[in-house]
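Colleague: I would like to learn how to read a model of this kind before I use it. Please take me through it feature by feature.

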Amino acid sequence: MESEKKKMGWRLPVLIICVVVLLFSGTMLAKDLLRYHNERSANRQLAEQVHQEKEVSVSKFASSGILSQYDALWQQNNDMAGWLFIPGIDFDYPIMHTPDDPEYYLHRAFNKEWAASGTPFIGAGCNPEGNHVIIYGHHMKDGSMFGNLQRYESAEYASEHMEINFDTLTEEHEYKVLGAFYSRVYGENDTNVFRYYRYTDLSQQQDFDDYIDQVKKASLYDTGEEAVFGDKILTLSTCSYHVKDGRFVVVAVSRQKS
């Protein structure tokens with residue numbers, strides 16, 4: 001009996017600790033899920049506002065000179081530089097641009113409050129009107145932001161979702177998928193590697209041709225699309241966990257809307 005009491009004496013505190021840890025973990029998980037849900041809902045409300053504005057607008061442009069569907073949001077936050085939309089999937093977001101602090105929206109929502117999922121943003125060295133726009137977004141586990149981008153590893157998926165729309169504040173642009181590939185952030189000593197994130201300016205034909213050639217070589221499949229010097233190029237980049245500092249990248253070529 002004395003032995004059993006001793007066993008119970010140390011088992012009870014251990015049991016209490018386990019219960020406390022379990023409750024704490026459950027509470028934190030619930031808070032994370034609620035936060036992700038709220039962030040996703042907030043972004044969907046922004047998308048609904050944009051689509052509603054486009055449906056009811058009587059003029060293509062607002063008095064500000066901005067496309068009517070984006071004017072109200074731009075008035076709320078002048079950091080907004082455009083809109084990214086992929087038909088048929090949950091990919092419908094404002095794109096931010098803060099040249100003096102490119103990663104400002106890495107963990108900020110559209111309203112500038114802290115957000116784990118952040119808001120997609122244009123990378124350093126690029127501008128929304130440029131010949132090459134690189135947009136970064138988080139790979140969220142719930143599929144929000146760029147969480148679905150990695151589905152483009154499948155050629156079949158890409159063939160069903162070839163169209164990517166990236167509008168600036170003043171122009172609507174339709175892009176077609178050129179390629180998709182796995183990559184990573186390379187060290188300065190790494191040689192013979194494709195640092196796609198450094199090709200921020202493709203105004204020189206040699207740079208343009210080199211970028212497109214490397215995209216084609218790195219791509220997991222051939223979409224049949226081609227790019228010629230002068231086309232606008234769009235690159236979407238998100239984290240991937242296949243290697244340390246891994247990235248998954250989708251590149252598309254412009255097809256301007258009429």
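Modeller: What follows goes from confidence to fold, then to strands, one residue, and the open spaces.

Colleague: What should be read before anything else?

Modeller: Start with the origin of the coordinates: this is a predicted model. The protein chain has an average pLDDT of 89, and 85% of the residues score at least 70. Residues 23-30 fall below 50, and that stretch makes 0 contacts in the model beyond near neighbours in sequence. Where pLDDT is low, the predicted coordinates should not be read in detail.

Colleague: How many helices and strands does the protein chain have, and which pattern do they follow along the sequence?

Modeller: There are 4 helices and 8 strands. Along the sequence the order is α-α-β-β-β-β-α-β-β-α-β-β.

Colleague: What percentage of the residues in the protein chain is buried?

Modeller: Of the 258 residues, 44% are buried. Sequence separation is a further item to read: among contacts with a separation of 6 or more, 59% join residues 24 or more positions apart.

Colleague: Now the strands. With which strands does strand 1 pair, and in what sense?

Modeller: Read the partners one by one. Strand 1, residues 80-85, pairs with strand 2, residues 92-96, in the antiparallel sense. That pairing has 5 bridges. Strand 1 also runs antiparallel to strand 5, residues 163-168, with 4 bridges joining the two.

Colleague: Which residues stand opposite each other in these pairings?

Modeller: Between strand 1 and strand 2, Met-80 is opposite Met-96, and Leu-84 is opposite Tyr-93. Towards strand 5, Trp-83 has Asp-167 opposite.

Colleague: Which residue in the hairpin of strand 1 and strand 2 has a positive phi?

Modeller: Gly-88 does, with a phi near 90°. This hairpin has 6 residues between its strands.

Colleague: Why is strand 2 described as largely enclosed by the rest of the structure?

Modeller: The reasoning is a count of buried residues, where buried means under 20% relative accessible area. In strand 2, 5 of the 5 residues are buried, so the strand is largely enclosed by the rest of the structure. Strand 1 is mostly covered, with 5 of its 6 residues buried.

Colleague: Take one residue as an example. Is Met-80 buried or exposed?

Modeller: Met-80, a residue of strand 1, is buried, with a relative accessible area of 1%. Leaving aside residues up to four places away in sequence, Met-80 touches Tyr-70, Leu-73, Trp-74, Pro-94, Ile-95, Met-96, Phe-110 and Leu-169. Met-96 is thus listed as a contact and also stands opposite Met-80 in strand 2. A C-alpha distance is a separate kind of reading: Met-80 and Phe-121 are 41 residues apart along the chain, and their C-alpha atoms are separated by 8.9 Å.

Colleague: On to the open spaces. How much space lies in the largest pocket, and which residues are closest to its centre?

Modeller: Read the volume, then the lining. The largest pocket holds about 400 Å³ of space. Its lining has 24 residues, and Glu-103, Phe-121, Tyr-136, Ser-237 and Arg-247 are the closest to its centre. Strand 4 (132-136) and strand 7 (233-240) each supply at least two lining residues. Strand 7 gives the largest share, 3 residues. By class, the lining has 12 nonpolar, 10 polar and 2 charged residues.

Colleague: What lines the second largest pocket?

Modeller: That pocket has about 230 Å³ of space. It has 14 lining residues, with Ala-42, Asn-43, Ala-109, Phe-110 and Asn-111 nearest its centre. The lining divides into 6 nonpolar, 6 polar and 2 charged residues.

Colleague: And how many cavities of 30 Å³ or more does a search of the whole structure find?

Modeller: The search finds 1 cavity. About 40 Å³ of space lies in the largest cavity. The residues that line it are Tyr-36, Glu-39, Arg-40, Asn-43, Ser-117, Met-140, Asp-142, Ser-144 and Met-145. By class they are 3 nonpolar, 3 polar and 3 charged. Asn-43 appears in this lining and also among the residues nearest the centre of the second largest pocket.

Definitions and conventions: Residues numbered from 1 in each chain as written. Predicted model: local features only at pLDDT ≥ 70, side-chain atom pairs only at ≥ 80, totals over all residues. Heavy atoms only, no water. Buried < 20%, exposed > 50% of the residue type's maximum accessible area, 1.4 Å probe, protein only. Pairing = 2+ DSSP bridges. 1 Å grid on protein atoms, 1.4 Å probe; cavity = no way out; pocket = protein on both sides within 12 Å on 5 of 7 lines; lining within 4 Å. Points joined across faces, edges and corners; volume = space filled by probe spheres on them. Nonpolar A, V, L, I, M, F, W, Y, C, P; charged D, E, K, R; others polar. Contact = heavy atoms within 4.5 Å. pLDDT = per-residue confidence, 0-100.
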